[in-house]
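Hello,

Here is the structure I said I would pass on. My notes on it follow below.

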Amino acid sequence: MSKKNRFVLNMTEGDPYSLLLKFAVPLFIGNIFQQLYNLVDSIVVGNYVGTDQLGAIGTTGSLQFFFFSLVGGLSMGIGIIIAQYYGAGDDDQVKNTIGNAIWILMACSMIMACIGFFLARPLLTLMKTDPRILDDAVNYLRVTSVGILCIGMYHGVSSVLRALGDSKTPLFFLIFASLVNVGLDVLFVLGFGMGVVGAGVATVLSQLLAAVTCIIYAYCTNTYFRLKASNFKLRPELLAKACRLGIPVALQNALIAFSLIVLQSIVNSYGKTFTASFTVVTRIEQLVQQPFMSLGAALSTYTGQNIGAGKIKRVLRGFRADTVISSTIAVCIMILFWIFAPFIVRIFGNDPEVRRIAVDGLRINSVFYIFLGLIYTTRNVLNGAGDAMFSLLSGIVECIGRVFVAYPLTLIPFMGKYGVFYATGLTWFLNGMFSFVRYKRGKWKKMNVVNRIVEE
(Lines give C-alpha, C1' and ligand atoms only; values in the text may rest on other atoms or scores of the structure.)
Protein backbone atom coordinates (compact mmCIF):
# COMPACT_ATOMS: atom_id res chain seq x y z
CA MET A 1 0.00 0.00 0.00
CA SER A 2 1.24 3.49 -0.85
CA LYS A 3 2.47 5.60 2.01
CA LYS A 4 0.16 8.27 0.69
CA ASN A 5 -2.77 6.00 1.63
CA ARG A 6 -1.38 4.50 4.82
CA PHE A 7 -4.64 4.98 6.76
CA VAL A 8 -6.76 3.19 4.16
CA LEU A 9 -7.92 -0.19 5.53
CA ASN A 10 -8.81 -3.22 3.41
CA MET A 11 -11.53 -5.05 5.38
CA THR A 12 -11.98 -7.95 2.96
CA GLU A 13 -9.31 -9.99 4.76
CA GLY A 14 -8.49 -10.65 8.41
CA ASP A 15 -10.35 -11.28 11.66
CA PRO A 16 -13.71 -9.42 11.82
CA TYR A 17 -13.40 -8.63 15.55
CA SER A 18 -10.00 -6.97 15.22
CA LEU A 19 -10.96 -5.16 11.99
CA LEU A 20 -14.19 -3.76 13.42
CA LEU A 21 -12.50 -2.60 16.61
CA LYS A 22 -9.52 -1.17 14.72
CA PHE A 23 -11.93 0.90 12.63
CA ALA A 24 -14.48 1.69 15.37
CA VAL A 25 -12.19 2.85 18.20
CA PRO A 26 -10.77 5.92 16.39
CA LEU A 27 -14.25 6.64 15.06
CA PHE A 28 -15.70 6.38 18.58
CA ILE A 29 -13.13 8.78 19.96
CA GLY A 30 -13.87 11.18 17.11
CA ASN A 31 -17.63 10.93 17.65
CA ILE A 32 -17.20 11.62 21.36
CA PHE A 33 -15.28 14.78 20.56
CA GLN A 34 -17.87 15.73 17.96
CA GLN A 35 -20.60 15.45 20.59
CA LEU A 36 -18.59 17.84 22.75
CA TYR A 37 -19.80 20.63 20.45
CA ASN A 38 -23.35 20.50 21.82
CA LEU A 39 -22.40 18.99 25.18
CA VAL A 40 -20.04 21.84 26.04
CA ASP A 41 -22.69 24.33 24.97
CA SER A 42 -25.13 22.72 27.40
CA ILE A 43 -22.65 22.48 30.27
CA VAL A 44 -21.45 26.07 29.97
CA VAL A 45 -24.93 27.51 29.46
CA GLY A 46 -26.53 25.31 32.14
CA ASN A 47 -23.96 26.25 34.78
CA TYR A 48 -23.21 29.88 33.96
CA VAL A 49 -26.23 31.29 32.12
CA GLY A 50 -29.31 29.47 33.43
CA THR A 51 -31.81 26.62 33.25
CA ASP A 52 -34.05 28.54 30.83
CA GLN A 53 -31.23 28.92 28.32
CA LEU A 54 -30.30 25.25 28.73
CA GLY A 55 -33.86 24.35 27.81
CA ALA A 56 -33.68 26.71 24.81
CA ILE A 57 -30.66 24.84 23.44
CA GLY A 58 -32.25 21.46 24.12
CA THR A 59 -35.53 22.22 22.36
CA THR A 60 -33.69 22.84 19.07
CA GLY A 61 -31.98 19.43 18.93
CA SER A 62 -34.66 17.54 17.00
CA LEU A 63 -34.98 20.35 14.45
CA GLN A 64 -31.21 20.45 13.91
CA PHE A 65 -31.28 16.72 13.27
CA PHE A 66 -34.16 17.17 10.83
CA PHE A 67 -32.36 19.87 8.83
CA PHE A 68 -29.24 17.72 8.59
CA SER A 69 -31.15 14.55 7.65
CA LEU A 70 -30.88 15.04 3.87
CA VAL A 71 -27.17 15.84 3.95
CA GLY A 72 -26.43 12.97 6.31
CA GLY A 73 -28.46 10.50 4.27
CA LEU A 74 -26.78 11.40 1.00
CA SER A 75 -23.35 11.23 2.67
CA MET A 76 -24.12 7.70 3.81
CA GLY A 77 -25.36 6.67 0.37
CA ILE A 78 -22.21 8.03 -1.25
CA GLY A 79 -20.09 6.18 1.32
CA ILE A 80 -21.78 2.87 0.45
CA ILE A 81 -21.05 3.35 -3.25
CA ILE A 82 -17.40 4.20 -2.61
CA ALA A 83 -16.94 1.25 -0.23
CA GLN A 84 -18.28 -1.20 -2.82
CA TYR A 85 -16.23 0.28 -5.68
CA TYR A 86 -13.14 0.14 -3.46
CA GLY A 87 -13.87 -3.49 -2.54
CA ALA A 88 -14.25 -4.25 -6.26
CA GLY A 89 -10.90 -2.56 -7.00
CA ASP A 90 -12.34 0.16 -9.30
CA ASP A 91 -10.27 3.22 -8.36
CA ASP A 92 -11.54 5.36 -11.25
CA GLN A 93 -15.14 5.03 -10.12
CA VAL A 94 -14.10 5.81 -6.54
CA LYS A 95 -12.71 9.15 -7.73
CA ASN A 96 -15.69 9.86 -9.98
CA THR A 97 -18.03 9.26 -7.05
CA ILE A 98 -16.05 11.65 -4.85
CA GLY A 99 -16.21 14.36 -7.54
CA ASN A 100 -19.97 14.00 -7.95
CA ALA A 101 -20.46 13.89 -4.18
CA ILE A 102 -19.03 17.40 -3.84
CA TRP A 103 -21.75 18.87 -6.07
CA ILE A 104 -24.53 16.93 -4.37
CA LEU A 105 -23.56 17.78 -0.79
CA MET A 106 -22.85 21.45 -1.46
CA ALA A 107 -26.29 21.97 -3.00
CA CYS A 108 -28.14 20.06 -0.27
CA SER A 109 -26.27 21.79 2.55
CA MET A 110 -27.12 25.25 1.23
CA ILE A 111 -30.81 24.38 0.83
CA MET A 112 -31.16 22.96 4.35
CA ALA A 113 -29.20 25.84 5.90
CA CYS A 114 -31.62 28.34 4.36
CA ILE A 115 -34.66 26.39 5.52
CA GLY A 116 -33.34 26.17 9.08
CA PHE A 117 -32.47 29.85 9.25
CA PHE A 118 -35.68 31.31 7.87
CA LEU A 119 -38.19 28.87 9.40
CA ALA A 120 -36.71 28.73 12.90
CA ARG A 121 -39.37 30.79 14.69
CA PRO A 122 -42.53 29.32 13.10
CA LEU A 123 -41.28 25.77 13.62
CA LEU A 124 -40.30 26.32 17.27
CA THR A 125 -43.65 28.02 17.89
CA LEU A 126 -45.43 25.05 16.33
CA MET A 127 -43.52 22.79 18.74
CA LYS A 128 -45.12 24.60 21.72
CA THR A 129 -41.81 25.98 22.90
CA ASP A 130 -42.20 27.84 26.21
CA PRO A 131 -42.52 31.58 25.36
CA ARG A 132 -39.93 32.38 28.03
CA ILE A 133 -37.23 30.49 26.11
CA LEU A 134 -38.53 30.96 22.55
CA ASP A 135 -36.31 33.90 21.54
CA ASP A 136 -33.15 32.20 22.80
CA ALA A 137 -34.13 28.97 21.02
CA VAL A 138 -34.75 30.82 17.73
CA ASN A 139 -31.41 32.63 17.91
CA TYR A 140 -29.49 29.43 18.69
CA LEU A 141 -31.20 27.48 15.90
CA ARG A 142 -30.54 30.19 13.32
CA VAL A 143 -26.84 30.32 14.15
CA THR A 144 -26.39 26.54 14.12
CA SER A 145 -28.38 26.24 10.87
CA VAL A 146 -25.67 28.25 9.16
CA GLY A 147 -23.31 25.58 10.45
CA ILE A 148 -25.04 22.93 8.30
CA LEU A 149 -22.75 24.09 5.48
CA CYS A 150 -19.75 23.24 7.65
CA ILE A 151 -21.25 19.94 8.82
CA GLY A 152 -21.98 18.96 5.22
CA MET A 153 -18.37 19.61 4.24
CA TYR A 154 -16.98 17.60 7.14
CA HIS A 155 -19.39 14.67 6.88
CA GLY A 156 -18.82 14.45 3.14
CA VAL A 157 -15.07 14.00 3.41
CA SER A 158 -15.49 11.78 6.49
CA SER A 159 -17.90 9.47 4.66
CA VAL A 160 -15.41 9.07 1.83
CA LEU A 161 -12.51 8.36 4.19
CA ARG A 162 -14.53 5.86 6.21
CA ALA A 163 -15.69 4.08 3.07
CA LEU A 164 -11.99 3.57 2.31
CA GLY A 165 -11.43 2.19 5.81
CA ASP A 166 -9.82 5.37 7.20
CA SER A 167 -11.40 6.32 10.52
CA LYS A 168 -8.25 7.98 11.88
CA THR A 169 -7.90 11.11 9.75
CA PRO A 170 -11.27 12.65 10.77
CA LEU A 171 -10.41 11.91 14.40
CA PHE A 172 -7.32 14.13 14.47
CA PHE A 173 -9.17 17.20 13.33
CA LEU A 174 -12.26 16.61 15.45
CA ILE A 175 -10.14 16.51 18.59
CA PHE A 176 -8.43 19.77 17.67
CA ALA A 177 -11.69 21.48 16.70
CA SER A 178 -13.44 20.25 19.87
CA LEU A 179 -10.74 21.77 22.04
CA VAL A 180 -11.12 25.01 20.09
CA ASN A 181 -14.87 24.83 20.71
CA VAL A 182 -14.35 24.64 24.46
CA GLY A 183 -12.16 27.73 24.37
CA LEU A 184 -14.57 29.66 22.14
CA ASP A 185 -17.53 28.71 24.37
CA VAL A 186 -15.77 30.16 27.38
CA LEU A 187 -14.74 33.26 25.39
CA PHE A 188 -18.11 34.05 23.79
CA VAL A 189 -20.45 32.95 26.60
CA LEU A 190 -18.51 34.00 29.67
CA GLY A 191 -16.04 36.54 28.31
CA PHE A 192 -18.33 38.42 25.90
CA GLY A 193 -21.63 37.57 27.62
CA MET A 194 -23.24 36.45 24.34
CA GLY A 195 -25.37 33.70 25.97
CA VAL A 196 -26.84 31.02 23.69
CA VAL A 197 -25.83 32.95 20.57
CA GLY A 198 -22.21 32.79 21.69
CA ALA A 199 -22.51 29.05 22.22
CA GLY A 200 -23.91 28.67 18.71
CA VAL A 201 -21.19 30.80 17.11
CA ALA A 202 -18.50 28.78 18.92
CA THR A 203 -20.00 25.56 17.57
CA VAL A 204 -20.19 26.79 13.97
CA LEU A 205 -16.64 28.15 13.93
CA SER A 206 -15.32 24.87 15.36
CA GLN A 207 -17.21 22.85 12.75
CA LEU A 208 -15.79 25.01 9.99
CA LEU A 209 -12.28 24.45 11.33
CA ALA A 210 -12.78 20.67 11.41
CA ALA A 211 -14.13 20.62 7.86
CA VAL A 212 -11.44 22.78 6.24
CA THR A 213 -8.44 21.17 7.96
CA CYS A 214 -9.70 17.63 7.29
CA ILE A 215 -10.22 18.34 3.60
CA ILE A 216 -6.76 19.89 3.21
CA TYR A 217 -5.05 17.02 5.00
CA ALA A 218 -7.00 14.37 3.08
CA TYR A 219 -5.95 15.98 -0.20
CA CYS A 220 -2.31 16.00 0.84
CA THR A 221 -2.16 12.43 2.18
CA ASN A 222 -4.73 10.37 0.25
CA THR A 223 -4.36 9.85 -3.50
CA TYR A 224 -8.09 9.21 -3.93
CA PHE A 225 -8.64 12.92 -3.26
CA ARG A 226 -6.29 13.95 -6.08
CA LEU A 227 -9.14 14.54 -8.49
CA LYS A 228 -8.93 15.61 -12.13
CA ALA A 229 -11.40 17.83 -13.95
CA SER A 230 -13.00 14.74 -15.49
CA ASN A 231 -13.84 13.39 -12.02
CA PHE A 232 -16.08 16.42 -11.40
CA LYS A 233 -18.16 15.74 -14.49
CA LEU A 234 -21.74 15.03 -13.46
CA ARG A 235 -22.48 11.38 -14.16
CA PRO A 236 -26.17 10.43 -14.21
CA GLU A 237 -25.51 6.82 -13.20
CA LEU A 238 -23.58 7.87 -10.09
CA LEU A 239 -26.11 10.56 -9.19
CA ALA A 240 -28.89 7.98 -9.56
CA LYS A 241 -27.07 5.50 -7.33
CA ALA A 242 -26.33 8.17 -4.71
CA CYS A 243 -29.98 9.23 -4.67
CA ARG A 244 -31.27 5.64 -4.67
CA LEU A 245 -29.17 4.81 -1.63
CA GLY A 246 -29.04 8.21 0.05
CA ILE A 247 -32.61 9.48 -0.22
CA PRO A 248 -34.17 6.53 1.67
CA VAL A 249 -31.61 7.08 4.44
CA ALA A 250 -32.40 10.81 4.36
CA LEU A 251 -36.11 10.05 4.60
CA GLN A 252 -35.39 7.66 7.45
CA ASN A 253 -33.51 10.41 9.30
CA ALA A 254 -36.27 12.90 8.50
CA LEU A 255 -38.94 10.57 9.89
CA ILE A 256 -36.88 9.95 13.02
CA ALA A 257 -36.36 13.71 13.35
CA PHE A 258 -40.10 14.30 12.90
CA SER A 259 -40.86 11.77 15.64
CA LEU A 260 -38.34 13.53 17.89
CA ILE A 261 -40.01 16.86 17.13
CA VAL A 262 -43.38 15.40 18.16
CA LEU A 263 -41.79 13.96 21.30
CA GLN A 264 -40.14 17.31 22.05
CA SER A 265 -43.53 19.01 21.71
CA ILE A 266 -44.95 16.68 24.36
CA VAL A 267 -41.94 17.38 26.58
CA ASN A 268 -42.33 21.14 26.12
CA SER A 269 -45.95 20.96 27.29
CA TYR A 270 -44.72 19.99 30.78
CA GLY A 271 -42.82 23.25 31.24
CA LYS A 272 -39.27 24.50 31.23
CA THR A 273 -38.03 22.34 34.16
CA PHE A 274 -39.00 19.07 32.49
CA THR A 275 -37.66 20.40 29.18
CA ALA A 276 -34.30 21.08 30.83
CA SER A 277 -34.29 17.58 32.38
CA PHE A 278 -35.09 16.01 29.04
CA THR A 279 -32.25 18.05 27.51
CA VAL A 280 -29.81 16.59 30.05
CA VAL A 281 -30.93 13.03 29.24
CA THR A 282 -30.73 13.72 25.51
CA ARG A 283 -27.22 15.17 25.74
CA ILE A 284 -25.95 12.22 27.80
CA GLU A 285 -27.57 9.70 25.47
CA GLN A 286 -25.93 11.35 22.49
CA LEU A 287 -22.71 10.09 24.09
CA VAL A 288 -24.25 6.70 24.89
CA GLN A 289 -25.07 6.15 21.22
CA GLN A 290 -21.53 6.81 20.06
CA PRO A 291 -20.08 3.31 20.64
CA PHE A 292 -23.08 1.77 18.86
CA MET A 293 -22.85 4.32 16.07
CA SER A 294 -19.11 3.78 15.67
CA LEU A 295 -19.43 0.00 15.55
CA GLY A 296 -22.29 0.39 13.08
CA ALA A 297 -20.23 2.65 10.81
CA ALA A 298 -17.38 0.14 10.97
CA LEU A 299 -19.77 -2.66 10.04
CA SER A 300 -21.24 -0.64 7.16
CA THR A 301 -17.79 -0.12 5.63
CA TYR A 302 -16.89 -3.75 6.33
CA THR A 303 -20.11 -4.93 4.66
CA GLY A 304 -19.74 -2.60 1.68
CA GLN A 305 -16.17 -3.67 0.94
CA ASN A 306 -16.95 -7.37 1.32
CA ILE A 307 -20.11 -7.18 -0.76
CA GLY A 308 -18.07 -5.44 -3.46
CA ALA A 309 -15.51 -8.24 -3.22
CA GLY A 310 -18.24 -10.91 -3.32
CA LYS A 311 -17.57 -12.26 0.22
CA ILE A 312 -20.98 -12.83 1.78
CA LYS A 313 -19.81 -15.26 4.47
CA ARG A 314 -17.44 -12.63 5.86
CA VAL A 315 -20.39 -10.26 6.24
CA LEU A 316 -22.20 -12.86 8.36
CA ARG A 317 -19.14 -13.20 10.58
CA GLY A 318 -18.92 -9.44 10.90
CA PHE A 319 -22.55 -9.20 11.98
CA ARG A 320 -22.02 -11.76 14.75
CA ALA A 321 -18.89 -10.01 15.98
CA ASP A 322 -20.57 -6.60 16.03
CA THR A 323 -23.59 -7.98 17.91
CA VAL A 324 -21.44 -9.49 20.66
CA ILE A 325 -19.45 -6.28 21.14
CA SER A 326 -22.46 -3.91 21.13
CA SER A 327 -24.50 -6.09 23.51
CA THR A 328 -21.63 -6.19 26.00
CA ILE A 329 -21.33 -2.40 25.86
CA ALA A 330 -25.09 -1.96 26.35
CA VAL A 331 -25.15 -4.05 29.53
CA CYS A 332 -22.12 -2.23 30.97
CA ILE A 333 -23.64 1.22 30.35
CA MET A 334 -26.94 0.16 31.91
CA ILE A 335 -25.18 -0.94 35.10
CA LEU A 336 -23.14 2.28 35.13
CA PHE A 337 -26.24 4.49 34.93
CA TRP A 338 -28.17 2.64 37.62
CA ILE A 339 -25.26 3.19 40.00
CA PHE A 340 -23.76 6.55 39.02
CA ALA A 341 -26.54 8.53 37.26
CA PRO A 342 -26.97 10.99 40.20
CA PHE A 343 -23.31 11.96 39.91
CA ILE A 344 -23.30 12.13 36.11
CA VAL A 345 -26.19 14.62 35.80
CA ARG A 346 -24.59 17.07 38.22
CA ILE A 347 -22.29 18.41 35.52
CA PHE A 348 -25.30 20.11 33.89
CA GLY A 349 -26.25 22.32 36.83
CA ASN A 350 -27.51 22.36 40.40
CA ASP A 351 -31.30 22.47 40.02
CA PRO A 352 -32.42 19.52 42.22
CA GLU A 353 -35.69 18.91 40.34
CA VAL A 354 -33.95 18.88 36.97
CA ARG A 355 -31.41 16.41 38.31
CA ARG A 356 -34.02 14.11 39.87
CA ILE A 357 -36.05 13.81 36.67
CA ALA A 358 -32.93 13.33 34.55
CA VAL A 359 -31.69 10.47 36.76
CA ASP A 360 -35.03 8.66 36.45
CA GLY A 361 -35.06 9.19 32.68
CA LEU A 362 -31.56 7.78 32.23
CA ARG A 363 -32.34 4.69 34.28
CA ILE A 364 -35.55 3.98 32.37
CA ASN A 365 -33.92 4.30 28.95
CA SER A 366 -30.82 2.31 29.89
CA VAL A 367 -32.85 -0.90 30.18
CA PHE A 368 -33.45 -0.72 26.42
CA TYR A 369 -29.88 0.04 25.27
CA ILE A 370 -29.30 -3.53 24.07
CA PHE A 371 -32.03 -2.98 21.45
CA LEU A 372 -30.47 0.35 20.49
CA GLY A 373 -27.24 -1.52 19.76
CA LEU A 374 -29.14 -4.09 17.71
CA ILE A 375 -30.65 -1.31 15.58
CA TYR A 376 -27.24 0.08 14.67
CA THR A 377 -25.83 -3.38 13.93
CA THR A 378 -28.60 -4.61 11.63
CA ARG A 379 -29.19 -1.21 10.03
CA ASN A 380 -25.58 -0.84 8.99
CA VAL A 381 -25.26 -4.34 7.55
CA LEU A 382 -28.32 -3.69 5.41
CA ASN A 383 -27.21 -0.19 4.43
CA GLY A 384 -23.71 -1.39 3.59
CA ALA A 385 -25.19 -4.06 1.34
CA GLY A 386 -27.32 -1.49 -0.48
CA ASP A 387 -30.75 -2.36 0.97
CA ALA A 388 -32.02 1.19 0.45
CA MET A 389 -35.71 0.51 1.04
CA PHE A 390 -35.02 -0.85 4.52
CA SER A 391 -33.84 2.57 5.67
CA LEU A 392 -37.19 4.11 4.82
CA LEU A 393 -39.13 1.26 6.43
CA SER A 394 -37.01 1.53 9.57
CA GLY A 395 -37.71 5.25 9.77
CA ILE A 396 -41.43 4.58 9.48
CA VAL A 397 -41.30 2.06 12.34
CA GLU A 398 -39.39 4.47 14.57
CA CYS A 399 -41.72 7.34 13.70
CA ILE A 400 -44.81 5.25 14.51
CA GLY A 401 -43.26 4.18 17.81
CA ARG A 402 -42.68 7.71 19.06
CA VAL A 403 -45.65 9.53 17.51
CA PHE A 404 -48.33 7.03 18.47
CA VAL A 405 -46.90 5.64 21.71
CA ALA A 406 -45.51 8.63 23.62
CA TYR A 407 -48.69 10.58 24.31
CA PRO A 408 -50.86 7.55 25.29
CA LEU A 409 -48.17 6.44 27.74
CA THR A 410 -48.22 9.84 29.45
CA LEU A 411 -51.93 9.29 30.15
CA ILE A 412 -51.21 6.17 32.23
CA PRO A 413 -51.37 7.34 35.90
CA PHE A 414 -48.21 5.63 37.19
CA MET A 415 -46.18 6.90 34.20
CA GLY A 416 -47.42 10.42 33.58
CA LYS A 417 -44.76 12.62 32.00
CA TYR A 418 -42.22 9.79 32.34
CA GLY A 419 -44.11 8.11 29.51
CA VAL A 420 -41.86 9.99 27.08
CA PHE A 421 -38.88 8.00 28.36
CA TYR A 422 -40.72 4.68 28.19
CA ALA A 423 -41.83 5.58 24.64
CA THR A 424 -38.20 6.01 23.60
CA GLY A 425 -37.26 2.61 24.98
CA LEU A 426 -40.23 0.83 23.41
CA THR A 427 -39.42 2.47 20.08
CA TRP A 428 -35.90 1.05 20.24
CA PHE A 429 -37.33 -2.39 21.01
CA LEU A 430 -39.78 -2.32 18.08
CA ASN A 431 -37.22 -1.05 15.59
CA GLY A 432 -34.56 -3.47 16.80
CA MET A 433 -36.86 -6.46 16.30
CA PHE A 434 -38.02 -5.20 12.90
CA SER A 435 -34.43 -4.66 11.73
CA PHE A 436 -33.35 -8.11 12.90
CA VAL A 437 -36.21 -9.81 11.02
CA ARG A 438 -35.25 -7.89 7.86
CA TYR A 439 -31.65 -9.06 8.25
CA LYS A 440 -32.62 -12.71 8.80
CA ARG A 441 -34.75 -12.75 5.65
CA GLY A 442 -31.47 -12.43 3.72
CA LYS A 443 -32.67 -10.35 0.79
CA TRP A 444 -29.63 -8.10 1.24
CA LYS A 445 -27.30 -10.94 0.15
CA LYS A 446 -28.43 -10.54 -3.45
CA MET A 447 -27.88 -6.76 -3.57
CA ASN A 448 -24.82 -5.15 -5.09
CA VAL A 449 -24.39 -1.53 -6.09
CA VAL A 450 -21.39 -2.08 -8.37
CA ASN A 451 -23.03 -4.92 -10.33
CA ARG A 452 -20.37 -7.47 -9.51
CA ILE A 453 -21.45 -11.11 -9.38
CA VAL A 454 -21.61 -12.09 -5.70
CA GLU A 455 -20.60 -15.61 -4.77
CA GLU A 456 -20.81 -17.17 -1.34
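Helix 12 (residues 312-344) is the place to start: with 7 residues, it gives the most to a nonpolar patch on the surface. Please keep in mind that this is a predicted model. The patch covers about 820 Å² and is made by V331, I335, L336, W338, I339, F340, F343, V367 and I370. Of these, V367 sits in the loop between helix 13 (352-366) and helix 14 (369-385). V367 is partly exposed, because its relative accessible area is 41%. As background, nonpolar side chains in soluble globular proteins tend to be buried together.

Now the interior. The largest nonpolar core has 51 residues, and L63, V71, I82, V94, L124 and L164 are those with the most contacts inside it. At least two residues of this core come from each of helix 3 (61-87), helix 4 (91-118), helix 5, helix 6, helix 7 (148-163), helix 8 (169-191), helix 9 (195-221) and helix 10 (236-268). Helix 3 gives the most, with 12 residues. Leaving out residues up to four places away in sequence, L63 touches L123, L124, M127, L141 and I261. Another core, of 37 residues, lies apart from this one; F337, A341, V359 and W428 are among its residues.

One backbone detail remains. K128, in the loop between helix 5 (120-126) and helix 6 (131-146), has a positive phi, near 65°, and is not a glycine. Most residues other than glycine have a negative phi. K128 is exposed, because its relative accessible area is 57%.

Regards

Note on methods:
Residues numbered from 1 in each chain as written. Predicted model: local features only at pLDDT ≥ 70, side-chain atom pairs only at ≥ 80, totals over all residues. Heavy atoms only, no water. Patch = residues over 30% accessible without salt bridge, like charges linked within 9 Å, V, L, I, M, F, W, Y side chains within 5 Å. Areas by Shrake-Rupley, 256 points an atom, 1.4 Å probe, with all protein chains shown as cover. Salt bridge = Lys/Arg side-chain N within 4 Å of Asp/Glu carboxyl O. Helix = DSSP H or I, 4+ residues; strand = E, 2+ residues; numbered from the N terminus. Buried < 20%, exposed > 50% of the residue type's maximum accessible area, 1.4 Å probe, protein only. Core = buried A, V, L, I, M, F, W, Y, C linked by side-chain atoms within 4.5 Å. Contact = heavy atoms within 4.5 Å.
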